[in-house]
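The following exercises concern cysteines, aromatic rings, a ligand shell and a loop. Each task is followed by a solution in steps.

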Amino acid sequence: MNEAGPKIERNACLEVRKRTKEMVEAGARMIAIVALEREDGSIELIYSFDRQPGIVDFRFQILPEWEVDSVADIFTGALTLEREVVDLFGLKYKGIPPGLFLEAGKSPVAPLRRRPAPAKGGDEDG
Amino acid sequence: MMTLESKMRIRSPWIMHFDTGSCNGCDMEVWALLTPRYDIERFGAMNRANPKQADILLITGPVTKRCEDRLRNLYEQTPEPKLVIACGDCASTGAPFHNCYNVNGGVDKVIPVDVYVPGCACRPEVLIDALVLGLSKWREKAAGADKEAEG
Amino acid sequence: MGRATTIPFGPQHAAFLEPLNVTLTLEEEKVVGAVLNQGYNHRGMEHALSLDYRKSQYISERVCGICSFHHSTAYCQGLESIYGIDVPERGRLIRTIMMECQRLTSHLLALGHIAESVGYENLFMQCFRERELVMTLVNRISGNRVHYSMNVAGGVKRDISPEGLKDIQATMSRLRPRLRELHRVFSRDRTLSKRTKGIGVLSNQAAREWGNVGPVSRASGIPRDIRQDGFAAYSMVKFSPIVREEGDCYARMMVRMDECLQSMDIIEQCLPLIKDGPVAIQMKGHPKGEAYSRVEAPRGELVYFIRANGKTALERIKLRTPALMNVASLLAMLPGCQLADVPTITVSVDPCICCTDR
Ligand code: SF4
């Protein structure tokens, strides 16, 4: 594991389409888009692919305000994965609406972003 | 005194099952109820997917935020007297999903519940027991409702 | 051409076990457009899972009750690969047996639902009757019918006794002729094949684009089965993925049916391999590192991504469930079909909404 993580770079965020295309053309199947919030508040995005015999991925780090390019036209199945990230992390993807999982006005906004633990499911008072 | 209608209905309580965000464990057991081994048609119960025809609501799951309104809606559509059975721990108390942010923690936070069924997952035998217990409650309810209608 | 009508399908519908809403646009009886609304089951499992890695085995089972053992295996495997340990052979074999038992129950459930969605009530009942055999078997072995709670990071916490092994063998011998009979009905029945053949076709190309996994992708001619990677004890048994080319509901149904028979083969291959020995090993310290973990759940490839930083709380745990990809591909199957076929098509991808939404 890379301790420092990738650098926060605007370019990396723009290259996502190119890199995805390379992967898909090499016959890889997209598995997941993993987003995670790092200690400094930036978001790390990991695009992972199934390319036999194992899993390959590329990762980059962005600031939460930045808009990421959608890859749904390169790999159709990525649409759901992107909508998930939009919902759970409140990121912006070009042309991807929120609302896959969360009910506006009732659910917490970007639940996986906030730290420490936001809400208790069982009883309101916690 | 019970009216003829109530008497008939208690012989064949039609159930409606609704999943409000459970893990499917209890749903499978509800479905197992309908099938040869446990077979609740012995009690005249039948699964109907239509709230307007249902007498008993079998609710599983801790009620997610998105399901909340649907559940209320279904409850209102069910004709009186109705009975709500919360199947499983998460429908009763929300315990298995205690730390999840998108749940209400139990069916009784949204609609009134008559019978709570413990277990994660609740076993079909317990569900049958709950159904029989529910029916006796339901008889009281129906008798009460009939009296009101007469008086 | 008639006017287009829009009708909602679900979230509470006879054909679905779970809340899924499909908004269909119809021209007369033909479906011309479909929009999926999901999220009725979103509870926030990823958050709950990341709170304490020692308790997450319990929670990972509650993600889905139909493939609970696969979820907890994926989770435990992830932790094991962070710790860099190998589970003892007996532990791995027990895991494999339990996973295959669960695949049997899951596939029989799916098959029963397909039968029910075309109105074949009888066959639905029959599937569930055979399924009870497996359910009671796992009940005797693990003490539970749904959540087996047998996994821990490092192995399994409940051993199978010699009588238990005999019991499994006996149950499999009882089950085999019954499943053969089911297989005969599913493959030969005229009504069933009329309602499923050529319906809801997902081409090989589309399956690749939508990233389908599991039986749905194998029914469209993609020969990929994560079990071939040899996690747990799958490297010790012989099997080959079941692939069909047609990509319609019939193919998806038959892939599942054949996999049921295959599961029994795998279980029977595992039984003689079990030797005395430990079933689990202890791990020390908090996990630190990052791992992907994959298992082949009944619905396809299930991926866990775990990153731990040496505390009890995990930094991130991400689940990519198979149903998430498969349910989304309904959008490729539904347009062009008849309204009456919508339940069959939806059920044939085996939508597991609690997995999809988590
Ligand atoms: S009570 Fe347990 S088994 Fe039943 S739905 Fe809830 S989590 Fe699943």
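**Exercise 1.** Determine whether B:Cys67 is buried or exposed, and why its sulfur forms no bond with the closest cysteine sulfur.

*Solution.* Step one: B:Cys67 has 0% relative accessibility and therefore counts as buried; buried means under 20% relative accessible area, exposed over 50%, and partly exposed in between, with a 1.4 Å probe and protein chains only. Step two: a disulfide is a pair of cysteine sulfur atoms within 2.5 Å. The closest cysteine sulfur to that of B:Cys67 belongs to B:Cys90 and is 12 Å away, which is too far for a bond.

The model is predicted: local features need pLDDT of at least 70 and side-chain atom pairs count only at pLDDT 80 or more, while totals for chains, interfaces and linings use all residues. Residues are numbered from 1 along each chain as its sequence is written, chains are lettered from A and ligands numbered from 1 in the order in which they are written, and side-chain values use heavy atoms, with hydrogens and water left out.

**Exercise 2.** Apply the disulfide rule to C:Cys354, then state how many disulfides there are over all chains.

*Solution.* Step one: C:Cys354 is buried, at a relative accessible area of 0%. Step two: its closest cysteine sulfur, in C:Cys352, is 3.5 Å away, too far for a bond. Step three: the count over all chains is 0 disulfides.

**Exercise 3.** Classify the ring pair of C:Tyr234 and C:Phe239.

*Solution.* Step one: rings of Phe, Tyr and Trp (its six-membered ring) pair if their centres lie within 6.5 Å; planes under 30 degrees apart count as stacked, over 60 as edge-to-face and the rest as tilted. Step two: the structure holds 6 aromatic pairs over all chains. In the pair of C:Tyr234 and C:Phe239, the centres are 6.1 Å apart and the planes at 65°, so the pair is edge-to-face. Step three: C:Tyr234 is buried, at 2% relative accessibility. Elsewhere, ring pairs join B:Trp31, C:Phe124 and C:Phe128 in a cluster.

**Exercise 4.** Describe where the ligand lies and which residues are closest.

*Solution.* Step one: the ligand lies between chains B and C. Step two: 13 residues surround the ligand (a heavy atom within 4 Å). The closest are B:Cys23, B:Cys26, B:Cys90, B:Cys120 and C:His147.

**Exercise 5.** Locate A:Gly41 in chain A.

*Solution.* Step one: A:Gly41 is in the loop between strand S1 (29–37) and strand S2 (43–51); strands are DSSP runs (E, at least two residues), numbered from the N terminus. Step two: A:Gly41 is partly exposed, with a relative accessible area of 25%.

Terms used. Helices (H or I, at least four residues) and strands (E, at least two) are DSSP runs, numbered from the N terminus.
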